Amino acid sequence: MTIAQKLGRYLLVDEIASGGMATVYRGKLLGIEGFEKDVAVKKILPVWSHNREFVTMLIDEAKVLVPLQHNNIVQVFELGKDGEAYFLVME
């Protein structure tokens with residue numbers, strides 16, 4: 001499903017999967033002069049964006065993953081918020 005929706009500095013291109021807490025998208029970091037970088041964006045579902053417990057779980061996930069360095073663990077590039085939407089950007 002092609003969606004082409006902006007979220008902060010990112011363009012959400014396709015939905016990869018959706019679960020009980022969040023949706024994961026194939027995205028692109030958009031930079032100057034046509035620079036683009038492919039990323040995965042995990043965006044908390046709108047129904048949970050006002051629930052502090054779910055927001056805290058996403059923040060905790062980011063904090064746990066950031067220091068980990070392993071070929072089988074994706075790197076977290078950013079924990080962000082655009083309006084009411086909390087999201088993680090990963091490799």
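This report covers the overall fold of a predicted model, then the residue K28 and the strands around it.

## Overall fold

The protein chain holds one helix and six strands. Read from the N terminus, the order of elements is β-β-β-β-α-β-β.

The chain has 91 residues and a radius of gyration of 13 Å. A compact globule with 91 residues would have a value near 12 Å, so the chain agrees with that expectation. Along the principal axes, the C-alpha atoms fill a box of roughly 40 × 30 × 20 Å.

## Burial, surface and contacts

Of the 91 residues, 38% are buried. The exposed area of the protein chain is about 5,700 Å². Carbon and sulfur atoms supply 56% of that area.

Consider the contacts with a separation of 6 or more. Within that set, 34% come from residues 24 or more positions apart.

## Strands β3, β4 and β6

Strand β3 spans residues 22–30. Strand β4 spans residues 36–44. The two pair in the antiparallel sense, over nine bridges. One facing pair is L29 and K37, with K37 in β4.

β3 and β4 form a hairpin with five residues between the strands. In this hairpin, E33 takes a positive phi, near 55°.

β4 also pairs with strand β6, residues 85–90. These two strands run antiparallel and are joined by four bridges. Here K42 stands opposite L88 in β6. β4 thus has bridges to β3 and to β6.

In a regular strand, side chains alternate between the two faces of the sheet.

## The site of K28

K28 lies in strand β3. Is this lysine buried or exposed? K28 is buried: its relative accessible area is 18%, and the cut-off for burial is under 20%.

Which side chain makes a polar contact with the side chain of K28? The partner is D38, at 2.7 Å.

The neighbours of K28, leaving out residues up to four places away in sequence, fall into two stretches of numbering. One holds R9, Y10, L11 and V13. The other holds E36, K37, D38 and V39. D38 therefore appears twice in this account, as a residue that K28 touches and as its polar partner, since the two side chains have a pair of N or O atoms within 3.5 Å.

Conventions: Residues numbered from 1 in each chain as written. Predicted model: local features only at pLDDT ≥ 70, side-chain atom pairs only at ≥ 80, totals over all residues. Heavy atoms only, no water. Buried < 20%, exposed > 50% of the residue type's maximum accessible area, 1.4 Å probe, protein only. Polar contact = N/O pair within 3.5 Å; in protein donor to acceptor, adjacent residues only side chain to side chain. Contact = heavy atoms within 4.5 Å. Pairing = 2+ DSSP bridges. Rg over C-alpha atoms; globule rule 2.2 N^0.38 Å. Areas by Shrake-Rupley, 256 points an atom, 1.4 Å probe, with all protein chains shown as cover.
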